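Colleague: Could you take me through one part of this model at close range? I would like to hear about the sheet and what lies around it.

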Amino acid sequence: MSEASPSPSAQSPNLVFVGGTGRSGTHVIARLLGQHSHYEMIPIECRFHCNPSGLADVVTGKATPEQFLDKLRRFWWHRVRHGERAWVRLAPFARRGGKVRGLHKIVPRDRFEEAVAGFEENCHRDPVSASRALFFDLLGPLAKEAGKPAIVEMSCFTIASAPGLARIFPEARFVHAVRDGRDSGSSKAAKRQKAHHPTGVTDGIEWWLERLRLAEEGVRGLDDPGRMVPISLDELVWGDRERAYGDLLGFLGLEDEPAMREFFASQVSVDAAHRERWREGLAEADQQAIQKRYEAALTELEVHGYQSAAVLRRAYGQGAVRV
């Protein structure tokens, strides 16, 4: 199978990765871009290219092709999540109530097997080219079927894995979705799936900081940091919305289009983003303590020169005025 068709625009990349800490707006930003005539949004988090033992780890030597293939054929192809565990097979007792996930939802089995066979044949001789071919063999047809020349993919770890992905996809651009750490952390606590996930707002901020640290390592590992832009979910939904929207379009060299503008106006909203969800159920004294910790966290990011620090601080300042 061939790669996605060349872009008709010299300015707009054919591949965009949207990632972040998790619970940070990756889905809504990817959906927003998917309304544009240039981009087809891959409807699931594919993960096989960026998560631990994924393609980015293969090309950087952190994982072997065999380790990657084992995880690709089992976990990333088909899994069912029940609470803290993700089963790779549909055992009789695991068929009810679980969330079925994996590439099997969007890729036919025959195409999967053909693509994997091609990767196996070439991965030791040229892991970068083999990884690139596998990605486009699996996902390229989705853009072609939609009549669009380019792909936007939304796995969270794409920012942390940006250096490896940049080797595989030199044309790719990265959108780092960021969000107020109090809302991001509390949202993760509400969706808690594993024992190490946060249980409330306070440890949610610490979880958010650790994920931001991994993302920042990815930013600093890029030869050209200009290939990545931080976009604030908070600014998109209630801050300087037009500025954030314009920053996204400008970074990707896109012209505004009616479908994208309509989605932005009707779907990218305060209610949909659950702004300030972190306050729910907390006494005033607890809210003040959390706000103090978050302000200290923002200062930590600024002191260490995080790429996302200025955007997060700006959004926080806008929110403080509007509260």
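Modeller: Happy to; here is the sheet, followed by the largest cavity and one serine.

This is a predicted model, in which local features need pLDDT of at least 70 and side-chain atom pairs count only at pLDDT 80 or more, while totals for chains, interfaces and linings use all residues. Residues are numbered from 1 along each chain as its sequence is written, and side-chain values use heavy atoms, with hydrogens and water left out.

To set the scene, the protein chain has 14 helices and eight strands; these are DSSP runs numbered from the N terminus, helices being H or I of at least four residues and strands E of at least two. Of its 323 residues, 52% are buried, meaning under 20% relative accessible area with a 1.4 Å probe, protein chains only.

Now the sheet itself. Five strands make up an open sheet with parallel pairing, in the order β2-β6-β1-β7-β8; two strands count as paired if DSSP finds at least two bridges between them. At the edges stand β2 (39-41) and β8 (228-232), each with a single partner strand, so one side of each is left without a neighbour in the sheet. From one strand to the next, the twist averages 25 degrees.

Looking closer, β1 (residues 15-20) runs parallel to β6 (residues 150-153), and three bridges join them. L15 has I151 as its bridge partner in β6. Across β1, β2 and β6 lies helix α5 (residues 127-146), running at about 115 degrees to β6. Such angles run from 0 to 180 degrees between N-to-C directions, with axes fitted to C-alpha atoms, for helices over the stretch in contact; contact means heavy atoms within 4.5 Å.

Next, the largest cavity, which has a volume of about 70 Å³. A cavity is a set of points, on a 1 Å grid over the protein atoms alone, where a 1.4 Å probe fits but cannot get out, and lining residues have an atom within 4 Å of a point. The volume is the space filled by probe spheres set on the points, which are joined across faces, edges and corners. Its lining consists of G20, T21, C156, F157, I159, A160, R211, L214 and A215. Helix α8 (residues 201-220) gives the largest share of that lining, three residues.

Finally, S308 sits in the loop between α13 (284-303) and α14 (309-322). S308 is buried, at 1% relative accessible area. Leaving aside residues up to four places away in sequence, S308 touches H176, V178, L212 and P230.

Key: On a 1 Å grid over the protein atoms alone, a cavity is a set of points where a 1.4 Å probe fits but cannot get out, and a pocket is an open set with protein on both sides within 12 Å along at least five of seven lines; lining residues have an atom within 4 Å of a point. Buried means under 20% relative accessible area, exposed over 50%, partly exposed in between (1.4 Å probe, protein chains only).
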